[in-house]
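Reader: Before any discussion of details, please present the structure under consideration.

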Amino acid sequence: MAEQDEPILRRKLAPAGGDGPSGGLGTEALRRALARAARRGLRCAAIPTAAELAPAELAAVLADLPAGGLVLTLEDAAGAPCGVIALDPGLAATLVETEVTGRVPAGGAGPRPPTDLDAAILGGYAAALLDEIAAATGRAEDAALRAGGFCAEPGTLGDRMPPGACRRLVATLKPGDAAGAGTLTVCLPAAVDPAAAARAAGDAPERRLGDAVTTAPLALEAVAHRFHMSLDKLAALGPGDRIDLPAGAIDAIALEAPGRAGVFAGRLGQLRGFRAVKIGAPGRRHASPPTPETDAPAPEAGSSGQA
């Protein structure tokens with residue numbers, strides 16, 4: 001089969017979506033994905049005779065890993081451990097010997113303690129396996145997974161990975177016709193629920209900061225008119241002096257935030273005996289704006305505005 005045909009076939013064989021008996025992935029689609037991974041990453045046809053993908057608890061998955069098997073950690077996009085690929089001792093030894101010699105040993109290879117070299121030899125298969133799983137599930141979180149290093153002490157994995165729900169893939173693989181079958185276990189992070197992710201986003205730091213900013217108190221100023229006055233005229237002002245205001249100034253009040261940012265327009269009025277501003281259109285005055293800021297006239301007695 002031509003290498004360029006693989007992505008096309010992968011898309012055609014991948015499920016359209018929806019929840020199935022295997023955690024959202026049909027059994028046949030899962031078996032096809034495992035078979036493709038073997039063809040791409042191994043020098044033999046590791047035929048899946050059984051396969052299941054279902055929700056599980058991480059502690060239970062780690063407790064059920066085959067004793068003495070080959071265990072590779074899975075890493076997320078940030079490089080943190082988040083899952084495992086585990087082969088039982090007999091299957092791991094058979095696949096390693098097949099990769100080294102180019103032929104499947106009759107009856108399978110005898111189990112032996114796994115090593116770093118074994119993990120490196122099967123690294124291509126681990127990468128192909130993750131790629132096919134991601135293509136079959138269609139989940140972005142699966143596409144971000146990468147095979148990490150060899151784990152010589154699987155008992156420590158529980159302290160290195162986030163506890164809780166996960167997905168467990170268990171498959172029985174038969175390498176070629178002469179070897180016995182072995183067990184493959186893949187522990188994947190729990191599937192992300194888009195609705196739950198959206199709810200979690202509501203508690204994100206940037207959201208909390210936005211809430212704090214929008215609920216902070218803000219001082220507003222009610223401004224009828226602004227004008228410039230020289231320092232000597234300001235110094236000459238005294239009690240009882242009056243300053244002229246443009247006609248209609250009190251009918252065109254502006255509510256401004258700090259920095260003279262216009263928030264609302266309004267009119268001067270009364271409420272229960274107190275001076276009040278009736279809010280109008282956002283950011284504009286009710287009437288035409290007063291005369292632009294100019295030098296104020298000299299204070300005079302009897303002018304229209306009280307200083």
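Reader: In helix α2, which residues are buried?

Author: The model is a predicted one. A residue counts as buried here when its relative accessible area is under 20%. By that cut-off, the buried residues of α2 are Ala29, Leu30, Ala33, Leu34, Arg36, Ala37, Ala38 and Gly41.

Reader: What distance separates the end C-alpha atoms of α2, and what span should its residues give?

Author: Helix α2 covers residues 27-41, which makes 15 residues. At 1.5 Å a residue, the helix should span 21 Å. The expected span agrees with the separation of the end C-alpha atoms, which is 21 Å.

Reader: Which residues of α6 are buried, and what span should the helix have?

Author: The buried residues of α6 are Tyr125, Ala126, Ala128, Leu129, Leu130, Glu132, Ile133, Ala134 and Ala136. Just after this helix, Gly138 has a positive phi of about 70 degrees. The 15 residues of α6, at 1.5 Å each, should span 21 Å, and the end C-alpha atoms agree, being apart by 21 Å.

Reader: How many cavities of 30 Å³ or more does the structure hold, and which helix gives the most to the lining of the largest cavity?

Author: The structure holds 2 such cavities, and the largest contains about 40 Å³ of space. Its lining consists of Gly68, Gly69, Leu70, Pro89, Ala92, Ala93, Val96, Arg112, Pro114 and Asp118. These lining residues divide into 6 nonpolar, 2 polar and 2 charged. With 4 residues, the helix that gives the most to this lining is α4, residues 89-101.

Reader: Which residues line the second largest cavity, and how do they divide into nonpolar, polar and charged?

Author: The second largest cavity, with about 30 Å³ of space, is lined by Leu72, Ile85, Leu87, Leu122, Tyr125 and Ala126. Two or more of the lining residues come from each of β3 (81-87) and α6 (123-137). Tyr125 and Ala126 are also among the buried residues of α6. The lining divides into 6 nonpolar, no polar and no charged residues.

Reader: For the chain, what percentage of the residues is buried, and what percentage of the exposed area do carbon and sulfur atoms supply?

Author: The chain comprises 10 helices and 10 strands. Among contacts between residues at least 6 apart in sequence, 65% join residues at least 24 apart. Of the 307 residues in the chain, 32% are buried. The chain exposes about 17,200 Å², and the share supplied by carbon and sulfur atoms is 56%.

Notes:
Residues are numbered from 1 along each chain as its sequence is written. This is a predicted model: local features need pLDDT of at least 70, side-chain atom pairs count only at pLDDT 80 or more; totals for chains, interfaces and linings use all residues. Side-chain values use heavy atoms; hydrogens and water are left out. The expected span of a helix is 1.5 Å times one less than its number of residues. Buried means under 20% relative accessible area, exposed over 50%, partly exposed in between (1.4 Å probe, protein chains only). On a 1 Å grid over the protein atoms alone, a cavity is a set of points where a 1.4 Å probe fits but cannot get out, and a pocket is an open set with protein on both sides within 12 Å along at least five of seven lines; lining residues have an atom within 4 Å of a point. Grid points are joined across faces, edges and corners, and a volume is the space filled by probe spheres set on the points. Ala, Val, Leu, Ile, Met, Phe, Trp, Tyr, Cys and Pro count as nonpolar, Asp, Glu, Lys and Arg as charged, and the others, Gly among them, as polar. Contact means heavy atoms within 4.5 Å. Accessible areas come from the Shrake-Rupley method with a 1.4 Å probe; for residues, only the protein chains shown count as cover.
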